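User: Please look closely at one part of this structure, the place where its paired strands meet, and set it in the context of the whole chain. I would like one connected account rather than a list.

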Amino acid sequence: MGSGRIIVTLMAGLAIAGLGIGSDSAEAQGRLNGFASRLLAAHNLERDRIAAPRLRWSSALAQDAASWAAELARKGRFEHASGEQRRGMGENLWTGTAGRYSAEAMIGGFVAERDKFRAGTFPQVSRTGNWADVGHYTQLIWPRTQEVGCAVAKGAVNDVLVCRYFPAGNIVGETIG
């Protein structure tokens, strides 16, 4: 089995104005499909481990993520949406051989960056000196992030996972950990 690939981007801390992103109702949270529930649980498992507030699933973020994942899969590309397209949302990307990875393994790629993480002021939060080595992990555990929505699209060879976060993490000058 090949290893998944992930990329990160630095957020500038933009506000989402008029996007209409808000937490789904408790009833909607209970009706998540199995894969979405597992993606959320994988995020919250790590957040629970470090005592960060749990994330809620956002169908609006998931729909936004689905659009971008589908475009990446269709075009065979692997790159972040522009800041304008994300409208201030945080974004983590992952790709790996189609059909070979579980939800937990996909999110596990982000969590695996934990061993390079050190608490501090972003972007000085990596034991390697390169914030990109921990950027997925810091977005996943960012303490002020409250919502996540993810989607997977199948490309010709690879699955593409896009997770969107609100409010975005990885804010320059803010402390984490």
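Analyst: Helices here are DSSP runs of H or I with at least four residues, strands are DSSP runs of E with at least two, and both are numbered from the N terminus. Counted in that way, the chain of this predicted model has 6 helices and 7 strands. From the N terminus on, these elements follow one another as β-α-α-β-α-α-β-α-β-α-β-β-β. The chain holds 177 residues, of which 48% are buried, and about 8200 Å² of its surface is exposed, with carbon and sulfur atoms supplying 51% of that area. Of the contacts between residues at least 6 apart in sequence, 72% join residues at least 24 apart.

The part to examine is strand β6, residues 158-166, together with the two strands that pair with it. On one side of the account stands β5, which runs antiparallel to β6 and is joined to it by 8 bridges; the two strands form a hairpin with 3 residues between them. Within this pairing, glycine 149 has arginine 164 of β6 as its bridge partner.

The β5-β6 pair also carries a covalent link. A search of the whole structure finds 1 disulfide, and this disulfide joins cysteine 150 to cysteine 163, with the sulfur atoms 2.2 Å from each other. Cysteine 150 belongs to strand β5 (residues 147-154) and cysteine 163 to strand β6, the two positions being 13 residues apart. The angle about the S-S bond is 110°, and the link of cysteine 150 and cysteine 163 is right-handed. As for exposure, cysteine 150 and cysteine 163 are both buried.

The other pairing of β6 is with β3, again in the antiparallel sense and over 8 bridges. Two opposed pairs mark out its register: leucine 93 stands opposite valine 162 in β6, and threonine 97 stands opposite asparagine 158 in β6. In a regular strand, side chains alternate between the two faces of the sheet.

How enclosed are these strands? In β6, 7 of the 9 residues are buried, and the strand is mostly covered. For β3 (residues 90-97), 7 of its 8 residues are buried, so this strand is largely enclosed by the rest of the structure. Glycine 90, which has its place in β3, counts as buried because its relative accessible area is 0%, under the 20% limit for that class. The C-alpha atom of glycine 90 is separated by 9.7 Å from that of histidine 136, although 46 residues along the chain lie between the two positions as a sequence separation.

Part of the surrounding cover can be followed from helix α3. Its residues Leu61, Ala62, Asp64, Ala65, Trp68, Ala69, Glu71, Leu72 and Ala73 are buried, and what covers the buried residues of α3 includes β3, β5 and β6 as well as β2 (56-57) and α4 (83-86). The three strands discussed above therefore figure among the elements that cover this helix. The length of α3 can be checked too: at 1.5 Å a residue, its 17 residues (59-75) should span 24 Å, and the end C-alpha atoms are 24 Å apart, which agrees. Just after α3, glycine 76 takes a positive phi of about 65°.

The loops that follow β3 and β6 complete the picture. Serine 102 lies in the loop between β3 and α5 (103-111), and because its relative accessibility is 28%, it counts as partly exposed. The side chain of serine 102 reaches the backbone nitrogen of alanine 105 at 3.0 Å. Beyond its neighbours within four places in sequence, serine 102 is in contact with Phe35 and Arg38, while its C-alpha atom is 9.1 Å from that of leucine 39, a residue 63 places away in sequence.

After β6, isoleucine 171 is found in the loop that leads to β7 (175-176). Unlike serine 102, which is partly exposed, isoleucine 171 counts as buried, its relative accessibility being 10%. Isoleucine 171 and tryptophan 142 have C-alpha atoms 9.3 Å apart in space, with 29 residues of separation in sequence.

Technical notes: Residues are numbered from 1 along each chain as its sequence is written. This is a predicted model: local features need pLDDT of at least 70, side-chain atom pairs count only at pLDDT 80 or more; totals for chains, interfaces and linings use all residues. Side-chain values use heavy atoms; hydrogens and water are left out. A disulfide is a pair of cysteine sulfur atoms within 2.5 Å. Buried means under 20% relative accessible area, exposed over 50%, partly exposed in between (1.4 Å probe, protein chains only). Two strands pair if DSSP finds at least two bridges between them. Contact means heavy atoms within 4.5 Å. Accessible areas come from the Shrake-Rupley method with a 1.4 Å probe; for residues, only the protein chains shown count as cover. A polar contact is a pair of N or O atoms within 3.5 Å; within protein, one must be able to donate a hydrogen and the other to accept it, and residues adjacent in sequence count only if both atoms are side-chain atoms. The expected span of a helix is 1.5 Å times one less than its number of residues.
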